[in-house]
Amino acid sequence: MTPGSRLAAGTPVRVRTGDPRTHCRTPHYLRGKCGIVVRALGDYPNPEELAYHRPGMPALALYQVEFDSAQVWGDRLREAPYRIVADIFEHWLEPAGAAG
Amino acid sequence: MTTGAHSVHDLGGDPAGPVDREEHARTLFDQRVDAMLRLLAHPQKGYFTVDAMRRSIESLAPVDYHALGYYERWLRAVRQLAIERGLVSAAELEQRMTQIAQARQASPQNMPGQDRQ
């Protein structure tokens, strides 16, 4: 996603992969997974910068993204499928065609 | 594709028991740690952010992370960040802790800052 772009509710997205050793709010189990934007939550200073006493500007858009637990856990799912909703910053999201 | 190794706090998907949903009574210790964090992280003071707190807690050694209680982790982080930001030095803290330990030994009944439930 380009900085400043706005994702509408319903947009299919994929969470970027990557394993930073630094502070990161994106749960590891969602990396590489496809989801749908539920809504934009507003712009916030980047916590990956704030964590090291830096200003974290420009602010980044934070999105509520929903995932299908069956897609996230695959054959590790032990109960009826449910919705996983996570707050994910724009720089961790990339476009996904048809969400898998 | 999910990445392999991950930080100790980021435990989604790891094997675990049921979630403890009980309310826990906050001790005086818990409230003091909470108060320290709120004062130091207050925007008007701005010594550090909640994000820095999280980073500090997440970088605890896994053995410490699991052995410490919730507010004990907070206290470790407040201590580390206060030193990082130059509010207090590790030597000053050490000295003060020695003083308190000595005072406690001398007069166990009359301990300033003694934790009462």
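Helices, of at least four residues, and strands, of at least two, are DSSP runs that are numbered from the N terminus, and the place of H53(A) can be given in these terms, as the loop between α1 and β3 of chain A. The model described here is a predicted one. The points below deal in turn with the sheet of chain A, the nonpolar cores, the loop that holds H53(A), and the contact between chain A and chain B.

**The sheet of chain A**

- In chain A, 5 strands form an open sheet, and their order across the sheet is β4-β3-β2-β1-β5, with antiparallel pairing.
- The edges of this sheet are formed by β4 and by β5, which covers residues 93-95 of chain A, and each of these two strands pairs on one side only.
- From one strand to the next, the twist averages 45°.
- The strands β3(A) and β4(A) run antiparallel and are joined by 7 bridges; within β4(A), F89(A) is the bridge partner of L62(A).

**The nonpolar cores**

- As a general tendency, nonpolar side chains in soluble globular proteins are buried together.
- The largest nonpolar core of this model has 15 residues, and V15(A), L30(A), Y63(A), V65(A), I88(A), W92(A) and L93(A) are those with the most contacts inside it.
- The elements that give two or more residues to this core are three strands of chain A, namely β1 (12-15), β3 (60-68) and β4 (83-89), and β3(A) gives the most, with 5 residues.
- When residues up to four places away in sequence are not counted, L30(A) touches V15(A), F67(A), V72(A) and A86(A).
- Another core, of 10 residues, lies apart from the largest one, and among its residues are V33(B), F48(B), A52(B) and L81(B).

**The loop between α1 and β3 of chain A**

- P58(A) lies in the loop between α1, which covers residues 47-50, and β3 of chain A, and the peptide bond that leads from M57(A) to P58(A) is cis, with omega near 0°.
- H53(A), whose place is also in the loop between α1 and β3 of chain A, has a positive phi of about 65° although it is not a glycine.
- Is H53(A) buried, exposed or partly exposed? H53(A) counts as partly exposed because 17 other C-beta atoms lie within 10 Å, whereas a buried residue would need 20 or more and an exposed one would have 12 or fewer.

**The contact between the chains**

- The contact takes 13 residues from chain A and 14 residues from chain B.
- Sorted by class, the side of chain B that touches chain A has 6 polar, 5 charged and 3 nonpolar residues.

Note on methods
Residues are numbered from 1 along each chain as its sequence is written. Chains are lettered from A and ligands numbered from 1 in the order in which they are written. This is a predicted model: local features need pLDDT of at least 70, side-chain atom pairs count only at pLDDT 80 or more; totals for chains, interfaces and linings use all residues. A nonpolar core is a set of buried Ala, Val, Leu, Ile, Met, Phe, Trp, Tyr and Cys residues joined through C-beta atoms within 7 Å. Two residues are in contact if their C-beta atoms, placed from the backbone, lie within 7 Å. Two strands pair if DSSP finds at least two bridges between them. Axes are lines fitted to C-alpha atoms, for helices over the stretch in contact, and angles run from 0 to 180 degrees between N-to-C directions. Ala, Val, Leu, Ile, Met, Phe, Trp, Tyr, Cys and Pro count as nonpolar, Asp, Glu, Lys and Arg as charged, and the others, Gly among them, as polar.
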